[in-house]
Amino acid sequence: MRKKNKKRKDIFYLTLRYLITLIPIFILVILIYPLISKKTSIPCANSLSCKESLKLKIENGAVGIFNNQKIIAPNIALSTSKNKPVVLGTKTTADEKHIYVNLTTQTLSAYQGKTLFMQTPISSGLWGKTPKGDFKIWVKLRATRMAGGSGADFYDLPNVPFVMFFGNNDIPASVGFSLHGTYWHNNFGHMMSHGCVNMKTTDAEKLYNWADPPTNGNITHADNKNQGTKVTIYSQDSI
Amino acid sequence: MFTLKHVLKTVFFIVMAAGLVLFALMQRNSHKTTTNVFSQTITSPTFVIPTPTLLVPVSTPSQTTTMDSPDGTKTLTMIKRQINGLAAYFFYTSNKSDAVDKLIFKKTEGLTESFSIPYNTWSPDNVYFFLKEATPSVNNYYVFYVSGNLLPNNAQYVNIQELFAQKLPDFTLVDVTGWAAPNLVLVNTKTKQEGRDVSFWFDVPGLSFIQLSTYFN
């Protein structure tokens with residue numbers, strides 16, 4: 001009988017010990033979680049396709065939706081060559097490449113050193129904010145699908161061409177902000193996106209082939225040897 | 001009873017558990033880019049507002065302006081010729097593949113009026129384009145079929161300014177900025193009474209204006 005009581009007591013104390021142990025763990029998690037999750041709480045640029053958009057996706061013949069209108073997506077011919085030959089004259093200096101996006105003037109300027117490579121109107125975030133800051137391109141995709149929004153501003157766009165995803169320590173790569181070509185509107189120089197930087201497809205192609213990492217097939221990841229081009233997004237009042 | 005050994009065991013357990021939780025949470029952020037934030041002083045680059053390619057032969061009185069479609073497959077060309085103090089404008093469309101120019105529209109203007117090709121002239125699907133005509137009183141915006149076919153009003157073009165003034169007399173058209181979708185032209189206006197900014201879509205096939213809750217600045 002005594003033995004049985006002792007065993008019961010032991011079990012009770014053991015359970016109590018575990019419960020007491022769990023309380024500080026819960027408190028710890030509650031305190032630390034907001035700090036850690038701060039970065040992941042940034043909403044995705046494409047709320048519905050989020051991580052799916054970070055992968056190469058070609059859907060020739062697919063129909064998209066933008067502004068409640070059906071949009072026929074252009075067909076994408078995938079590159080078959082792994083190493084795209086460098087076009088003579090495109091790599092004139094070894095100076096650092098840098099892309100500037102001015103949200104106030106809605107223009108993009110790409111420089112290699114002090115040499116202006118291109119300057120063109122863009123469309124930044126209207127329904128979602130385009131993040132400001134200093135970023136690096138971490139992957140280039142020949143095309144992907146982007147979907148998001150809701151109600152009247154729902155969009156679902158297959159074959160978004162020449163996508164250059166960028167990120168930094170504050171805006172994780174996983175949230176999917178990018179520079180890319182645009183076939184569904186032509187209203188550059190005015191805000192028109194859900195957070196990404198929209199460009200005329202011909203301009204996006206030119207930038208895609210110029211920007212680092214050097215294009216290698218249809219998916220090109222940046223790494224330590226081939227780092228992505230720097231992208232600075234700012235508005236006139238933030239300088 | 002709790003002994004020192006028990007206390008140590010409990011503390012160890014807490015630390016281990018917290019470590020595991022932290023590790024699990026860190027894993028959730030593993031998609032993060034590996035690049036570092038760099039803080040470089042940004043010198044504001046000099047901006048040149050892009051304009052259509054302008055080839056002006058100095059010795060001749062004609063000017064050619066071109067604008068490629070967003071996908072680069074088509075070109076709209078404007079040729080301006082000075083004739084006896086007037087300016088004759090000719091507009092051609094062509095495919096990059098065959099480079100055959102098709103005359104779509106021509107008009108002779110006085111000294112106070114002028115035509116221009118807006119940067120966003122092409123509809124996203126290359127079916128339509130629009131032109132801007134600046135006059136001393138208003139700016140007219142003409143929408144054409146790239147093919148040169150007649151529009152739903154059985155005319156070669158639709159004058160957005162004229163139609164807007166007829167249909168929505170309480171608003172003043174300020175600007176036509178571009179295309180929101182293949183059939184929708186973005187029209188920025190102001191209310192005549194309050195001066196409030198309001199955007200509309202001009203639906204080309206329906207020849208109708210749709211008021212928007214968002215202002216497309």
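**Entry 1: L207(B)**

I started at L207(B), which sits in the loop between β12 and β13 of chain B. I am working from a predicted model. I looked up the backbone angle there and found a positive phi of about 50°, although L207(B) is not a glycine. Most residues other than glycine have a negative phi. I then asked whether L207(B) is buried or exposed. L207(B) is partly exposed, because 15 other C-beta atoms lie within 10 Å.

**Entry 2: the sheet around that loop**

I followed the loop into its sheet, which is open and has 4 strands in the order β10-β11-β12-β13 of chain B. The pairing in this sheet is antiparallel. I noted β10 (171-181) and β13 (208-211) of chain B at the edges; each has a single partner strand, so one side of each is left without a neighbour in the sheet. From one strand to the next, the twist averages 30°.

Inside the sheet I checked β11 (residues 184-191) of chain B against β12 (residues 197-203) of chain B, and found 7 bridges between the two antiparallel strands. For one register point I took L184(B), whose bridge partner in β12(B) is D203(B).

**Entry 3: the β6 to β9 sheet of chain B**

I moved to another open sheet of chain B, with 4 strands in the order β6-β7-β8-β9 and antiparallel pairing. The edge strands here are β6 (114-116) and β9 (157-159) of chain B, each of which pairs on one side only. I recorded an average turn of 25° between neighbouring strands of this sheet, direction ignored.

I looked at how β9(B) is held to its partner: 3 bridges join it to β8 (residues 139-145) of chain B, and the two run antiparallel. F144(B) has Y157(B) as its bridge partner in β9(B). I also traced helix α2 (residues 160-167) of chain B, which lies across β8 and β9 of chain B and runs at about 50° to β9(B).

**Entry 4: two hairpins in chain B**

I went back along the chain to strand β2 (residues 62-68) of chain B, which is joined by 7 bridges to the antiparallel strand β3 (residues 74-83) of chain B. M67(B) pairs with L76(B) in β3(B) as its bridge partner. The two strands form a hairpin with 5 residues between them, and in the turn G72(B) has a positive phi of about 80°.

I then followed β3(B) to its pairing with strand β4 (residues 86-95) of chain B, which is antiparallel and has 10 bridges. In β4(B), A87(B) is the bridge partner of Q82(B). Which residue in the turn of the β3(B) and β4(B) hairpin has a positive phi? I found N84(B), at about 50°, in a hairpin with 2 residues between its strands.

**Entry 5: chain B as a whole**

I took the totals before leaving this chain. Chain B has 2 helices and 13 strands. Of its 217 residues, 26% count as buried. Among contacts in chain B with a separation of 6 or more, 26% are between residues 24 or more positions apart.

**Entry 6: confidence in chain A**

I checked confidence in chain A and noted an average pLDDT of 87, with 89% of the residues scoring at least 70. Over residues 85-89 of chain A the pLDDT is below 50, and that stretch has 1 contact in the model beyond near neighbours in sequence.

**Entry 7: V197(A)**

I picked V197(A), which lies in strand β9 (residues 197-200) of chain A. Why does V197(A) count as buried? V197(A) counts as buried because 25 C-beta neighbours lie inside 10 Å, and the cut-off is 20 or more.

I listed what V197(A) touches, leaving out residues up to four places away in sequence: V101(A), L108(A), I122(A), S124(A), T130(A) and L179(A). I also took one distance: V197(A) and M146(A) are 51 residues apart in sequence and 13 Å apart in space, C-alpha to C-alpha.

**Entry 8: backbone exceptions in chain A**

I looked up N159(A), in strand β7 (residues 155-167) of chain A. N159(A) is not a glycine, yet has a positive phi of about 55°. N159(A) counts as buried, because there are 23 C-beta neighbours inside 10 Å.

I ended at a peptide bond. Most peptide bonds are trans. The bond joining D212(A) and P213(A) is cis, with omega about 5°. I placed P213(A) in the loop between α2 (201-210) and β10 (219-221) of chain A.

Technical notes
Residues are numbered from 1 along each chain as its sequence is written. Chains are lettered from A and ligands numbered from 1 in the order in which they are written. This is a predicted model: local features need pLDDT of at least 70, side-chain atom pairs count only at pLDDT 80 or more; totals for chains, interfaces and linings use all residues. Two strands pair if DSSP finds at least two bridges between them. Axes are lines fitted to C-alpha atoms, for helices over the stretch in contact, and angles run from 0 to 180 degrees between N-to-C directions. Two residues are in contact if their C-beta atoms, placed from the backbone, lie within 7 Å. pLDDT is the predictor's confidence in each residue, from 0 to 100. A residue is buried if 20 or more other C-beta atoms lie within 10 Å of its own, exposed if 12 or fewer, and partly exposed in between; C-beta atoms are placed from the backbone.
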